[in-house]
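Here are a few exercises to work through with the model open in your viewer. Try each task before you read its solution.

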Amino acid sequence: MKKLARTYIEQEIPQGVPEPLPQPESNELRLEKVLAALSDPLRLRIMQRLLTSSDDFDHSCSWFGFDRPKSSLTHHFKALREAGLINQRQYGLERRSRVRTVDLNDRFPGLIELILDWQDPEESQ
């Protein structure tokens with residue numbers, strides 16, 4: 001199993017971080033919406049990369065280095081946020097993302113571990 005990045009273990013919110021964009025409250029997270037958002041392999045890669053490679057509190061779309069149009073990435077990040085999987089914060093013109101580990105562990109114990117265990121079929125080729 002891949003290990004959580006240091007920023008998720010410490011769970012410290014830096015000073016001056018903007019408030020998250022609108023998202024479902026923890027008690028409003030629904031399994032069918034979470035699973036629908038995670039049904040796309042790119043979204044699973046986003047989640048896994050955030051959980052394992054974050055060296056900062058949160059990251060912009062460009063940090064991932066995906067060769068996709070910005071509009072496509074925006075759609076995927078919005079789907080993750082609306083399902084309640086990530087927080088997004090507005091920093092000027094860019095949005096930065098972070099997995100809602102505490103909320104997900106409370107509502108769906110074991111989900112984070114499943115994401116960490118997921119094997120990307122594109123990496124195994």
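**Exercise 1.** In what order do the 3 strands of the open sheet come, and what is the sense of their pairing?

Solution. Keep in mind that you're looking at a predicted model.
- Start with the order: reading across the open sheet gives β1-β3-β2, with antiparallel pairing.
- Next, look at the edges. β1 (59–60) and β2 (86–91) each pair on one side only, so to speak the rims of the sheet, and they are its edge strands.
- Now take the pairs in turn. β1 pairs with β3 (residues 94–99) over 2 bridges, in the antiparallel sense. Here His59 stands opposite Ser97 of β3.
- β2 and β3 are also antiparallel, over 6 bridges. One place to check is Asn87, whose bridge partner in β3 is Arg98.

**Exercise 2.** How many residues lie between β2 and β3 in their hairpin, and which residue in the turn has a positive phi?

Solution. Follow the chain out of β2 and into β3: there are 2 residues between the strands of this hairpin. Then check the backbone torsions in the turn, where Gly92 shows a positive phi of about 60 degrees.

**Exercise 3.** Which strands does helix α3 touch, and which does helix α4 lie across?

Solution.
- Take α3 (residues 41–53) to begin with. This helix packs on the sheet and touches β1, β2 and β3. Its direction makes about 75 degrees with that of β3.
- Then move to α4 (residues 70–83), which lies across β2 and β3. Against β2, helix α4 runs at about 120 degrees.

**Exercise 4.** Are α2 and α4 roughly parallel or roughly antiparallel to each other?

Solution.
- Two numbers do the describing for a packed helix pair: the angle between the axes and the distance between them.
- For α2 (residues 31–38) and α4, the angle is about 160 degrees and the axes are 9 Å apart.
- The cut-off for roughly antiparallel is over 145 degrees, and α2 and α4 are therefore roughly antiparallel.
- The handedness of the α2 and α4 crossing is left-handed.
- To see the contact itself, display Lys33, Val34 and Ala37 of α2, which meet Ala79, Leu80 and Ala83 of α4.

**Exercise 5.** How many aromatic pairs does a search of the whole structure find, and what lies over the faces of Tyr91 and Tyr8?

Solution. The search for aromatic pairs comes back with 0. Now try charges over rings. Arg96 lies over the face of Tyr91, 4.1 Å from the ring centre. Over the face of Tyr8 you'll find Arg98, at 4.1 Å from the ring centre. Arg98 is also the bridge partner of Asn87 from the sheet exercise.

Notes: Residues are numbered from 1 along each chain as its sequence is written. This is a predicted model: local features need pLDDT of at least 70, side-chain atom pairs count only at pLDDT 80 or more; totals for chains, interfaces and linings use all residues. Side-chain values use heavy atoms; hydrogens and water are left out. Two strands pair if DSSP finds at least two bridges between them. Helices (H or I, at least four residues) and strands (E, at least two) are DSSP runs, numbered from the N terminus. Contact means heavy atoms within 4.5 Å. Axes are lines fitted to C-alpha atoms, for helices over the stretch in contact, and angles run from 0 to 180 degrees between N-to-C directions. Rings of Phe, Tyr and Trp (its six-membered ring) pair if their centres lie within 6.5 Å; planes under 30 degrees apart count as stacked, over 60 as edge-to-face and the rest as tilted. A charge sits over a ring if NZ of Lys or CZ of Arg is within 6 Å of the ring centre and within 35 degrees of the ring normal. Angles under 35 degrees count as roughly parallel, over 145 as roughly antiparallel, 65 to 115 as roughly perpendicular and the rest as oblique. A crossing is left-handed if the near helix is turned anticlockwise from the far one by less than a right angle, and right-handed if clockwise.
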